[in-house]
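Take a walk through this protein, one stop at a time. Keep the sequence and the 3D view side by side as you read.

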Amino acid sequence: MKVLVNAGPWLAVPPPGYGGIENVVATLVPALRERGVRIVLAAAGSSTLEVDELISVYDDGQFAELQKPYNQVMGIAHAHQARVAAELRARDDIDLVHDHVEVVGPSVLSALGGPPVLHTLHWDLRKHPAFYAAFPPSIAVNGVSESQLARAPDALRAASLGAVHLASPLAGRPAVAGQGEHLVVMGRICGLKGQHVAARICQKLGLPLVLAGPVSGRNSPAELDVVVQDPYHPLHSHPDVRYHLDQVARYLDGDLVRWVGAVGGEARDDLYASARAALFPIQWDEPGGTAVVEALALGVPPVGLRRGCLPEIIDHGRTGFLADSEEELAEWVLRVDELDPEECREEARRRFSPSVMAERYLELYEAVTARA
Ligand code: UDP
């Protein structure tokens, strides 16, 4: 079977640091190839993932361009998608398209009449309600959690092939020696991920907290300073940057609450693996929760708010804690040492390994091609 996996133009695969969809693709593709699937990857040209073929429009990821006006962002997405469409028109050796590109992907592919398409829904489906309510019926879909699908428009939920949980290649990695004292929030710095809540809790409790992740495409505190000092820079008024400055900065506190910028590779794994717990004070219904799965895989108990996919991933009291309010979250944070990191690792090996995810997708690929 030959599958065209469309990861979009935003970041290289695997991403150098932060990257949601690109991390999912980088986790899935090697496990599919081990099972004999040949992969044509449509992604940024700087992608280094081992595949059979790479097609791209842009040499580098276009993530920083997401700050531009909406029509320009859409222009980038459409240019990438037009390249994929041209490729599919020109050849007949692709058995299936596995599409991960929000909104633009299904719109273009449904008009093409090429190979069957499976589109993985990665987002909170209330983000583009009109689009998801009128989702092209010729395209098969799956979600990344049951809770995400439960909030989908009726027709989309009825047509979906179910949920496939996200996975992490860190599942199965041996335990690291030496747990540190710090707590960590790993993820995009934005209102939805709730870094301000974690910062508030840790400052109050006097617990060291490390926030890791980019702010709107800016990867380090130094870069952000440059942006913020320039009042004419378009990012100055971007809501995520304002959020960071207004909400998080007031809690940054010497060594106690630190923002280290985006981290990648071994630096990310070491920072994550040596944490006492990973906090998820999410302010939205997190659809898939890669970072939660990663925390389990590294034996770092996740502690978060009971929203979105978290109750599907975290077994409260065994592999992490779930809270219903900020006050309760603070109470559970003080009890993280009661959890056994080995239980977390075992859960990740059993439920969230790349093999488990690849087997599920192979079932869906077969269902979609049989239907076509
Ligand atoms: N991540 C990273 N470096 C960072 C922040 C995040 O490598 O500084 C990774 C994180 O480990 C996860 C992904 O980026 O693999 C973020 O995925 P998640 O599903 O948490 O966020 P979203 O897709 O909602 O932005």
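**A buried lysine**

Lys2 is buried, because its relative accessible area is 12% and the cut-off for buried is under 20%. Keep in mind that this is a predicted model.

Where does Lys2 sit? Its place is in strand β1, which covers residues 2-8. Now look at the side chain. It makes a polar contact of 2.7 Å with the side chain of Asp93. Which residues does Lys2 touch, once its neighbours within four places in sequence are left aside? They are Arg38, Val40, Glu53, Arg91, Asp93, Ile94, Asp95 and Leu96. Asp93 thus turns up in this list as well as in the polar contact.

**From the strand to the pocket**

Follow the chain on from β1. The loop between β1 and α1 holds Pro14. The peptide bond that joins Val13 to Pro14 is cis, with omega at about -5°.

Pro14 also leads to the next stop. Along with Asn23, Ala26, Thr27 and Pro169, Pro14 is one of the residues nearest the centre of the second largest pocket. That pocket has 25 lining residues. Four elements give two or more residues each to this lining: α1 (20-34), α10 (265-273), α11 (290-297) and α15 (354-371). Helix α1 gives the most, with six residues.

How much space lies in the second largest pocket? The volume is about 400 Å³. How can such space be found? A probe the size of a water molecule is rolled over the atoms, and this shows where empty space is left.

What kinds of residue make up the lining? There are 11 nonpolar, eight polar and six charged residues in the lining of the second largest pocket. Where does the pocket lie with respect to the domains? It lies between domain 1 (2-167 + 354-371) and domain 2 (183-350), because both give residues to its lining.

**Two positive phi angles**

Go next to Val103. This residue is in the loop between β4 (96-99) and α3 (104-110). Its phi is near 60°, a positive value in a residue other than glycine. Is Val103 buried or exposed? Val103 counts as buried, because its relative accessibility is 15% and buried means under 20%.

Last, find helix α7, residues 195-205. Its buried residues are Gln195, His196, Val197, Ala198, Ala199, Ile201 and Cys202. After α7 comes Gly206. The phi of Gly206 is positive too, near 70°.

Technical notes:
Residues numbered from 1 in each chain as written. Predicted model: local features only at pLDDT ≥ 70, side-chain atom pairs only at ≥ 80, totals over all residues. Heavy atoms only, no water. 1 Å grid on protein atoms, 1.4 Å probe; cavity = no way out; pocket = protein on both sides within 12 Å on 5 of 7 lines; lining within 4 Å. Points joined across faces, edges and corners; volume = space filled by probe spheres on them. Nonpolar A, V, L, I, M, F, W, Y, C, P; charged D, E, K, R; others polar. Domains from an automatic or database assignment. Buried < 20%, exposed > 50% of the residue type's maximum accessible area, 1.4 Å probe, protein only. Polar contact = N/O pair within 3.5 Å; in protein donor to acceptor, adjacent residues only side chain to side chain. Contact = heavy atoms within 4.5 Å.
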